[in-house]
Amino acid sequence: MEAALSKFHSLLEGHPPLVVLTGAGISTPSGIPDFRGQAGIALTTRKYGMSYEELLSHDTLIGKPEVFYSFYWDKMIYPKAKPNRAHEALASYPGQIVVITQNIDGLHEAAGSKDVVELHGSASRYSCLSCGRKFALGELPHDGVPHCPCGGLIRPDVVLYGEGLDPWALERASSLIAAVPFIIVAGSSLRVYPAAGLVTLFKGQRSLLVNLEKTPLDSHFDDVVHIDVEAAFGEIFG
């Protein structure tokens with residue numbers, strides 16, 4: 001384990017171009033639970049009588065916005081969450097780095113990362129379905145169904161179940177991963193597609209997976225370390 005982290009630390013000493021794909025595990029130290037862990041968000045849906053895929057779907061947003069937003073404000077928004085050492089380590093990398101994230105929490109940008117590809121959008125941004133007006137999270141009450149002054153329903157600019165990823169974000173992520181010499185995947189279960197499938201495009205020199213638990217794609221990586229992301233990044237970027 002330590003050998004794999006030390007090896008990657010040495011590979012990055014010259015600050016080569018780097019892509020880092022992050023999932024929920026990088027944000028759990030900031031107090032944001034993941035979806036599928038032992039205390040994950042997926043286990044908190046019983047009182048709604050719906051799965052989280054149903055609750056966070058386009059159909060529920062449109063057909064039952066009060067149900068959608070009851071769950072969304074309660075379980076998806078963490079306004080007090082701050083970037084942790086893992087986010088800060090990526091932001092401080094002096095070489096060319098692109099962070100591709102499955103997260104919607106905006107903590108990479110808050111830490112100072114300049115080039116972030118948000119595969120699933122951002123809970124920081126909202127828009128009116130009627131007139132297209134844009135809103136920031138801080139402009140909205142964090143309870144009830146938000147409506148635009150025009151009367152239209154406001155939606156989060158995140159990818160909901162039943163919707164496809166932004167083609168631009170997916171294409172850029174694919175191109176970067178196929179071309180970069182080094183990649184780190186951190187805190188992702190690699191079970192959500194098409195994001196998980198991106199790792200199979202990597203053809204570079206060395207790949208590293210850091211995740212607390214095994215994933216279905218562990219065999220695609222040169223090195224796999226099953227430890228906390230903060231601890232691992234302290235070794236790699238320290």
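Asn211 lies in the loop that connects strand β8, residues 206-210, with strand β9, residues 223-225. The model is a predicted one, and the description that follows refers to it throughout. Asn211 is classed as buried because its relative accessibility is 10%, which falls under the 20% limit for that class.

The side chain of Asn211 takes part in two polar contacts with backbone atoms. One is with the backbone nitrogen of Ser188, at 3.2 Å. The other is with the backbone oxygen of Glu213, at 2.9 Å. When residues up to four places away in sequence are left aside, Asn211 touches Gly187, Ser188 and Ser189, and also Val225, His226 and Ile227. Ser188 therefore appears both as a polar partner of the Asn211 side chain and among the residues that Asn211 touches, under the 4.5 Å criterion for contact.

The two strands that flank this loop are also joined by a charged pair. Arg206 and Asp223 form a salt bridge in which the closest N and O atoms are 3.0 Å apart. This pair links distant parts of the chain, with Arg206 in strand β8 and Asp223 in strand β9, 17 residues apart. Asp223 counts as buried because its relative accessibility is 9%, whereas Arg206, at 22%, counts as partly exposed. Through salt bridges that share partners, Lys7 joins Arg206 and Asp223 in one network.

The structure as a whole contains 7 salt bridges. Another of them brings together the side chains of Arg85 and Glu230, with an N to O distance of 3.3 Å. Here, too, distant parts of the chain are linked: Arg85 belongs to helix α5, residues 85-91, and Glu230 to helix α8, residues 229-237, the two residues being 145 apart. How do the two ends of this pair stand, buried or exposed? Arg85 is exposed because its relative accessible area is 57%, which is over the 50% limit. Glu230, by contrast, is buried because its relative accessible area is 15%.

A further salt bridge is formed by the side chains of Glu118 and Arg125, at 3.1 Å from N to O. Glu118 counts as buried because its relative accessibility is 16%. Arg125, at 37%, is partly exposed, since this value lies between the limits of 20% and 50%.

Taken together, the three pairs described here each have a buried acidic partner: Asp223 at 9%, Glu230 at 15% and Glu118 at 16%. Their arginine partners are Arg206, partly exposed, Arg85, exposed, and Arg125, partly exposed.

Technical notes: Residues numbered from 1 in each chain as written. Predicted model: local features only at pLDDT ≥ 70, side-chain atom pairs only at ≥ 80, totals over all residues. Heavy atoms only, no water. Helix = DSSP H or I, 4+ residues; strand = E, 2+ residues; numbered from the N terminus. Buried < 20%, exposed > 50% of the residue type's maximum accessible area, 1.4 Å probe, protein only. Polar contact = N/O pair within 3.5 Å; in protein donor to acceptor, adjacent residues only side chain to side chain. Salt bridge = Lys/Arg side-chain N within 4 Å of Asp/Glu carboxyl O.
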